[in-house]
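Reader: I request a close look at one part of this model, namely the pairing of its strands, together with the side-chain links around it. Please set that part within the whole and treat it in one connected account.

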Amino acid sequence: MNLQAKLMVSALCLSALPLAQAADFEDFGRVIRVTPQMEQVNRPRQECRTEYVQVQQPQQRSVGGSIIGGVAGALLGSQVGGGNGRTAATAAGAIAGAVVGDRIDNQNAQPAGVTEQAVKQCRTVDHWESRANGYEVVYDYRGRNYTSVMSYDPGQRVRLRVSVEPMQQ
């Protein structure tokens with residue numbers, strides 16, 4: 001036998017060595033019981049409601065009467081006296097005219113009122129949910145019961161990988 005043939009036979013023998021030591025195959029087991037493994041998860045959420053509150057409205061006042069009254073009072077005051085007395089009379093006339101003009105202009109003004117205003121009130125509340133995070137599966141394989149935790153519910157039968165290897169003494 002030539003060298004190339006000997007190398008090929010050796011390579012084939014070496015690659016078959018793991019198969020001679022152990023054999024893996026697939027089979028099915030009968031599911032006896034599946035128990036969901038539950039966990040509590042908090043998913044907070046917002047709850048909002050609308051409330052109506054009373055708001056004080058300021059009285060609506062006009063400034064036109066004060067201005068006109070102040071100007072008229074200043075003109076009348078300037079007609080009285082002389083020198084520093086005339087200046088004082090002009091200032092006093094402007095003040096008195098502004099006060100009288102404001103009262104006349106705003107005597108029929110609506111009094112301050114109250115209105116309702118909508119206010120949105122929100123708060124965060126806890127919302128707990130139960131969620132399966134795995135399944136405890138009890139199954140029978142060749143007359144023996146086994147338990148395993150799986151990420152899914154396998155149904156009525158579970159697919160198994162069976163490994164057979166000789167016992168070492």
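Author: The account below moves from the whole chain to the sheet, and then to the links between side chains.

The model is predicted, so that local features need pLDDT of at least 70 and side-chain atom pairs count only at pLDDT 80 or more, while totals for chains, interfaces and linings use all residues. Residues are numbered from 1 along each chain as its sequence is written, and side-chain values use heavy atoms, with hydrogens and water left out.

The protein contains 3 helices and 6 strands (DSSP runs numbered from the N terminus, with H or I over at least four residues for a helix and E over at least two for a strand). Along the sequence these elements follow the pattern α-β-β-α-α-β-β-β-β. Of the 169 residues, 16% are buried, where buried means under 20% relative accessible area, exposed means over 50%, and partly exposed lies in between (1.4 Å probe, protein chains only). The exposed surface amounts to about 13600 Å², of which carbon and sulfur atoms supply 54%; such areas come from the Shrake-Rupley method with a 1.4 Å probe, and for residues only the protein chains shown count as cover. Contacts (heavy atoms within 4.5 Å) reach far along the sequence: among those between residues at least 6 apart, 82% join residues at least 24 apart.

The part in question is an open sheet of 4 strands, ordered β5-β4-β1-β6 with antiparallel pairing. Two strands count as paired if DSSP finds at least two bridges between them. β5 (144-150) and β6 (157-164) form the edges; each has a single partner strand, so one side of each is left without a neighbour in the sheet. On average, neighbouring strands of this sheet are turned by 35° against each other, direction ignored (axes are lines fitted to C-alpha atoms, for helices over the stretch in contact, and angles run from 0 to 180 degrees between N-to-C directions).

Strands β1 and β4 are joined by 11 bridges in the antiparallel sense. Within this pairing, valine 34 has valine 137 of β4 as its bridge partner, and glutamine 40 stands opposite serine 130 in β4. As a general point, side chains in a regular strand alternate between the two faces of the sheet.

β4 also pairs with β5, again antiparallel, over 7 bridges. Here glutamate 136 has valine 149 in β5 as its bridge partner. The two strands form a hairpin with 2 residues between them, and arginine 142 in this hairpin takes a positive phi near 55°.

Side-chain links accompany these pairings. The whole structure holds 5 salt bridges, each a side-chain nitrogen of Lys or Arg within 4 Å of a carboxyl oxygen of Asp or Glu. One of them brings together arginine 131 and glutamate 39, with 3.4 Å from N to O. Arginine 131 belongs to strand β4 (residues 128-141) and glutamate 39 to strand β1 (residues 23-42), so the pair ties together parts that are 92 residues apart in sequence. Arginine 131 is partly exposed, at 39% relative accessible area, and glutamate 39 is likewise partly exposed, at 30%.

A further salt bridge joins glutamate 129 to arginine 43, at 3.2 Å from N to O. This pair links distant parts of the chain, since glutamate 129 lies in strand β4 and arginine 43 in the loop between β1 and β2 (45-56), 86 residues apart. The values for glutamate 129 and arginine 43 both fall in the partly exposed class: 32% for glutamate 129 and 43% for arginine 43.

Glutamate 51 also forms a salt bridge, with arginine 49, their closest N and O atoms being 2.8 Å apart. Glutamate 51 is partly exposed at 28% relative accessibility, whereas arginine 49 is exposed at 54%.

One covalent link completes the picture: the structure has 1 disulfide, a term for a pair of cysteine sulfur atoms within 2.5 Å. This disulfide joins cysteine 48 and cysteine 122, with 2.0 Å from S to S. Cysteine 48 is in strand β2 and cysteine 122 in strand β3 (residues 114-125), so that distant parts of the chain, 74 residues apart, are linked. The link of cysteine 48 and cysteine 122 is right-handed, with 110° about the S-S bond. Cysteine 48 counts as partly exposed at 40% relative accessibility, as does cysteine 122 at 38%.
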